[in-house]
Amino acid sequence: MSNFTPIAIISAGCVLPGAPDVPSFWKLLSAGQPQFSALPPSRWPQDIFLDSNFSTPDTTYSNRAAYLEDNLFIDPVANIPRTHQMLLKALKECITPIGKSLFQNAKTAAILGCMNPGDESSLSWVKANVEHFKNSLKKLSYK
């Protein structure tokens, strides 16, 4: 027998390719829809970077990926990385239905996950910008 304490997940939020929120994500999963598509022309010039020859340096041989839509971001021109804008959007989706008063209980937590291969995902960058995140969260509207 284990010594684990039971937990309850009471809310969630997400921003994923083809799923800007949790209901869309479950719908996508239940339908078994693939999220990979051809590269939109606005992403990068295919004539420069796309080459079917695997050995050509500094090119890619695939133009398919799971892309996020630009309209998923809070402010596309904001001085905050898009990854962190998505994190704030998912957090707002998670907190809005339950209200912020729930977080006054010491046994309540919000657990965030964010993946980005760029420098913005480094722990030191996040620590350096924690006050900016706090201020951004304060600006979110709650029910």
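**Notes on the predicted model, beginning with helix H3**

1. Helix H3 is made of 14 residues, and the distance from its first C-alpha to its last is 20 Å, close to the 20 Å expected at 1.5 Å a residue. The structure discussed here is a predicted model, and the points below should be read with that in mind.

2. The surroundings of H3 deserve attention, since 11 of its 14 residues are buried, so the helix is largely enclosed by the rest of the structure. The buried positions are Thr-83, His-84, Gln-85, Met-86, Leu-87, Leu-88, Ala-90, Leu-91, Glu-93, Cys-94 and Ile-95. As general background, an α-helix has 3.6 residues a turn, so residues three or four places apart point the same way.

3. Within H3, which spans residues 82-95, Glu-93 is a residue that I would look at with care. What is the nearest side chain of opposite charge to Glu-93, and how far away is it? It is Lys-89, at 5.3 Å, and Glu-93 has no salt bridge although it is buried. Because a salt bridge requires a side-chain nitrogen of Lys or Arg within 4 Å of a carboxyl oxygen of Asp or Glu, the 5.3 Å to Lys-89 does not qualify.

4. The contacts of Glu-93, with residues up to four places away in sequence set aside, are with Ser-11, Ala-12, Gly-13 and Cys-14, and also with Pro-20, Asp-21, Val-22 and Pro-23. Of these partners, Cys-14 is buried, with a relative accessible area of 13%, whereas Pro-23 is exposed, its relative accessible area being 55%. Pro-23 has its place in helix H1, and its C-alpha is 9.3 Å from that of Gly-13, a residue 10 positions away in sequence.

5. On the cysteines, how many disulfides does a search of the whole structure find? The search finds zero. Cys-94, at 16% relative accessibility, counts as buried, as does Cys-14 at 13%, but neither takes part in a disulfide in this model, given that the search of the whole structure returned zero. For reference, a disulfide is a covalent bond between the sulfur atoms of two cysteines.

6. Turning to aromatic side chains, the count comes to two aromatic pairs. In one of them, the rings of Phe-25 and Trp-26 have centres 5.6 Å apart and planes at 55°, so the pair is tilted. Phe-25 is partly exposed, with a relative accessible area of 25%, while Trp-26 counts as exposed at 54% relative accessibility. Phe-54 and Tyr-61 also form a tilted aromatic pair, with 4.2 Å from centre to centre and 35° between the planes. Here Phe-54 is exposed at 66% relative accessibility, and Tyr-61 is exposed as well, with a relative accessible area of 54%.

7. Asn-63 is found in the loop that runs between helix H2 (46-49) and strand S2 (64-65). Its relative accessible area is 22%, and since the buried class is under 20%, Asn-63 is classed as partly exposed. Apart from neighbours within four places in sequence, Asn-63 is in contact with Ser-37, Ala-38, Leu-39, Gln-46 and Leu-50. The C-alpha atoms of Asn-63 and Phe-36, which are 27 residues apart along the chain, are separated by 9.7 Å.

8. Ile-9 sits in the segment before helix H1 (22-31), and with a relative accessible area of 73% it is exposed. How far apart are the C-alpha atoms of Ile-9 and Ala-110, given that 101 residues separate them along the chain? The distance is 9.9 Å.

9. Taken as a whole, the protein contains five helices and two strands, and along the sequence these follow the pattern α-β-α-β-α-α-α. Buried residues make up 20% of the 143 residues in the protein. Among contacts with a separation of 6 or more, residues 24 or more positions apart account for 56%.

Note on methods
Residues numbered from 1 in each chain as written. Predicted model: local features only at pLDDT ≥ 70, side-chain atom pairs only at ≥ 80, totals over all residues. Heavy atoms only, no water. Helix = DSSP H or I, 4+ residues; strand = E, 2+ residues; numbered from the N terminus. Buried < 20%, exposed > 50% of the residue type's maximum accessible area, 1.4 Å probe, protein only. Lys, Arg positive; Asp, Glu negative; His and termini not counted. Contact = heavy atoms within 4.5 Å. Disulfide = S-S within 2.5 Å. Expected span 1.5 Å × (residues − 1). Phe/Tyr/Trp six-rings, centres within 6.5 Å; stacked < 30°, edge-to-face > 60°.
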